Amino acid sequence: MYGKGLKPLSIATVVALAAGLSLVFFYAPNDADQGFIQKIFYLHVPLAMVSLVGFIVGGVFAILHLRSGDRRWDAYSYVSIHMSVIFGVGVLITGSIWAKASWGHWWVWEEPTLVSYLIVFLLYATYYPFRYAIEDRDRQARYASVFAITAGSFVPLNFIAVRLSESLVHPRVFATTNGGLPASMMFTFLVCLTAMALLWVTLVKFELTAKSASGQVKRLRRALDAPPAGPRSRIAPEVS
Amino acid sequence: MSLLPLGTPALPLDEAGKYVAGAYIVFVLLLVIYVSIMAIKLQRIEKELRELATFAEQGPSGTPERGAAQSSPGPPERGAEQGSPGTPGRGAEDVPVDSKTQPAGGSDRNLVPSEATAGPSAEIRGSSDV
Amino acid sequence: MTPSRVAFRAILEKDLRTELRTLQSLPAMALFAVTTFVIFRFGLDRTQLSGSLASGVLWATLLFAAILGINRLFVAERHEGGFDAIRLAPIDRTALFAAKAAALIVYLAVLEAIVVPVFAIFFLDSAAAIPPLAAILLLADIGLAATGTLIASMAVNSRARDLLGPLVLLPLVVPLMIAATGASRHLLEAGGPGYERFGTWLAVLGLYDLIFLLVGYAVFDFLLED
């Protein structure tokens, strides 16, 4: 039963998000250098961290899928990656807004974490055409798991490489994100991070429940020998 | 790493408010778009369930009520014994049970067998009372 | 020799012999690279290259030429039942992965042996950078071979196989390119090879090679399951 626990989870997410938002705007002090603009940090960075962890979690589910052959893990892997890609869109847009606000350009190549993230995002964006191109569902699930594992291993390596490529003297755009965060900011950040993590888990569970419901409808349809319904998705793994 | 002096932000402070608001609005928008897409999916599921309930009550040959109880016997046999020839495409989907990869019964390889195999029968019977 | 080693050698020799006899990939890859150099000469409006521009042109060209070769890597296996043969044989299936990756390294090495001197003749002042460059080329070849073999083996079984391979491969090799160009841009400096952060980049290349060889080794079995 995928829907079990969805209610308390959603409530916790709402509470955490509300708490986080209030802290951001009523408690956390303005940054000395970036001023009010720095508030985007509490949105952008948690989104980024949660989605990166989500990609790795997708890779872990993929390992479980390959080892057990149980297609349920493939569904978990797909939904984890799917949700992380959606969060990723948010990361790139908020990152771009932050860059424009503090640096004047909609994109800055000098910010290594943003650039690394773009590369990771581009890689995971190929997950969908990749799945789509493999017709046999069984093979599709296996290959997708291989992709998820390869891409998951890629994430840390990519961050290392991009970080190293940056000239050490060029000032970072998002300089406040490293060390020196006063306690009030750190607390606010942690609450926001928790809220984003809860949001991710809630939405993943939500999506799995919806897939499960769809799957049960198909089972029912088959059991009743009812005529088949509309077109099925070529790539989204089925859950029941 | 200490805060590097970036000088004044590129924009005056009242402009900055717009960008911060923009970022948070983007986040909310993404969330709302996601929820709407899921709502559409939910609508579709509801519609299909309604169709199936009607279908189950009337049956393909018009026998009321009995269709629901009859079409869900013990789970492993369900696929193999129900009038398979009638439904197009089922032949292609009914793959012989491969005990290596299928933990429980189930003749369709695209479906992952769910944990509660006894549950659905009771649930189907229950829902026909609605 | 264990059966897997025998299989490894057999597959590798078969691939190399086929390529030698039919010459279907290498000349095309080399020709593509040289023509691309000409395009760059006009596109950038330069007759001499050095530093980051030189390393960028060299590595971008090598990468795209390599992709041409990677696309073709498993085509014969698919058409002539090579995959089935491996599945039936009582050996470790990663022998196929190892053999194909080794073959790809050989192709890339031969490609570079032809193309890099041409590059030097076209755009460089002196050939002093070439020996240290060879080390970078070797490490990059290993990484490209590991990732390329893995992706190609999946792409060949898909519908849009010519498109899918490069599509998925390109983001994956970005760290490799970052490291390779990072080291090359100092080697190709106008005043003679510089070795700034050479060790760092070699380490990154080595790490990349290690990770993707391990990943390929670990998952290849699952790719061949029927």
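In this predicted model, C:Leu176 touches a set of residues from elsewhere in the sequence: leaving out those up to four places away, its contacts are C:Ala140, C:Gly143, C:Leu144, C:Leu205 and C:Tyr208. C:Leu176 also belongs to the largest nonpolar core, which has 158 residues. Together with C:Ala179, C:Ala180 and C:Leu205, C:Leu176 is among the residues with the most contacts inside that core. Interestingly, the element that gives the most to this core lies in another chain: helix H7 (residues 183-223) of chain A supplies 18 residues.

Chain C itself is built from ten helices and zero strands. Its radius of gyration is 18 Å, close to the 17 Å that the globule rule gives for 226 residues, so chain C is as compact as a globular protein of that length. Along the principal axes, its C-alpha atoms fill a box of roughly 55 × 35 × 30 Å. Of the 226 residues in chain C, 45% are buried. Among the contacts in chain C with a separation of 6 or more, 84% join residues that are 24 or more positions apart.

Helix H2 (residues 26-44) of chain C makes a friendly worked example. At 1.5 Å a residue, its 19 residues should span 27 Å, and the end C-alpha atoms are indeed 27 Å apart, which agrees. Which residues of H2(C) are buried? They are C:Met29, C:Ala33 and C:Phe40. Seen down the axis of H2(C), these buried residues fall within an arc of 40°, so they line one face of the helix. The cover over the buried residues of H2(C) includes helix H3 (51-71) and helix H6 (94-123) of chain C. On the other side of H2(C), the exposed residues are C:Pro27, C:Thr35, C:Val38, C:Ile39 and C:Phe42.

The backbone around the helices of chain C also deserves a look. Most residues other than glycine have a negative phi. Against that background, C:Asp45, which follows H2(C), has a positive phi, near 55°. C:Leu23 has a positive phi too, near 50°, and is found in the loop between helix H1 (3-22) and H2 of chain C. With 10 other C-beta atoms within 10 Å, C:Leu23 is exposed. Further along, C:Arg197 is not a glycine, yet its phi is positive, about 55°. C:Arg197 sits in the loop between helix H9 (174-187) and H10 of chain C. Its 17 C-beta neighbours inside 10 Å make C:Arg197 count as partly exposed.

Helix H10 (residues 198-224) of chain C contains C:Leu214. Is C:Leu214 buried or exposed? It has 12 other C-beta atoms within 10 Å, and a residue with 12 or fewer is exposed, so C:Leu214 is exposed. C:Leu214 and C:Ala146 are 68 residues apart in sequence, while their C-alpha atoms are 8.9 Å apart in space.

Chain C also meets chain A. Here 25 residues of chain A are in contact with 26 residues of chain C. On the side of chain A that touches chain C, the elements giving two or more residues are helix H4 (112-125), helix H5 (127-132) and helix H6 (137-165) of chain A. H6(A) gives the most to this side, with 15 residues.

Chain B comes to five helices and zero strands. Buried residues make up 18% of its 130 residues. Of the contacts in chain B with a separation of 6 or more, 39% are between residues 24 or more positions apart. How far the predictor trusts chain B is a separate matter. Its pLDDT averages 61, and 35% of the residues score at least 70. Among the elements of chain B, helix H1 (residues 13-58) has the highest mean pLDDT, 90, and helix H4 (residues 90-93) the lowest, 40. Over residues 66-130 of chain B, pLDDT stays under 50, and for this stretch the model has 71 contacts beyond four places in sequence.

One residue of helix H1 of chain B is B:Met38. B:Met38 is partly exposed, with 15 other C-beta atoms within 10 Å. Apart from neighbours within four places in sequence, B:Met38 is in contact with A:Phe206 and A:Ala210.

Technical notes. Residues are numbered from 1 along each chain as its sequence is written. Chains are lettered from A and ligands numbered from 1 in the order in which they are written. This is a predicted model: local features need pLDDT of at least 70, side-chain atom pairs count only at pLDDT 80 or more; totals for chains, interfaces and linings use all residues. Helices (H or I, at least four residues) and strands (E, at least two) are DSSP runs, numbered from the N terminus. A residue is buried if 20 or more other C-beta atoms lie within 10 Å of its own, exposed if 12 or fewer, and partly exposed in between; C-beta atoms are placed from the backbone. A nonpolar core is a set of buried Ala, Val, Leu, Ile, Met, Phe, Trp, Tyr and Cys residues joined through C-beta atoms within 7 Å. Two residues are in contact if their C-beta atoms, placed from the backbone, lie within 7 Å. pLDDT is the predictor's confidence in each residue, from 0 to 100. The radius of gyration is taken over C-alpha atoms; the globule rule is 2.2 Å times the number of residues to the power 0.38. The expected span of a helix is 1.5 Å times one less than its number of residues. The arc is that of the directions from the helix axis to the C-beta atoms.
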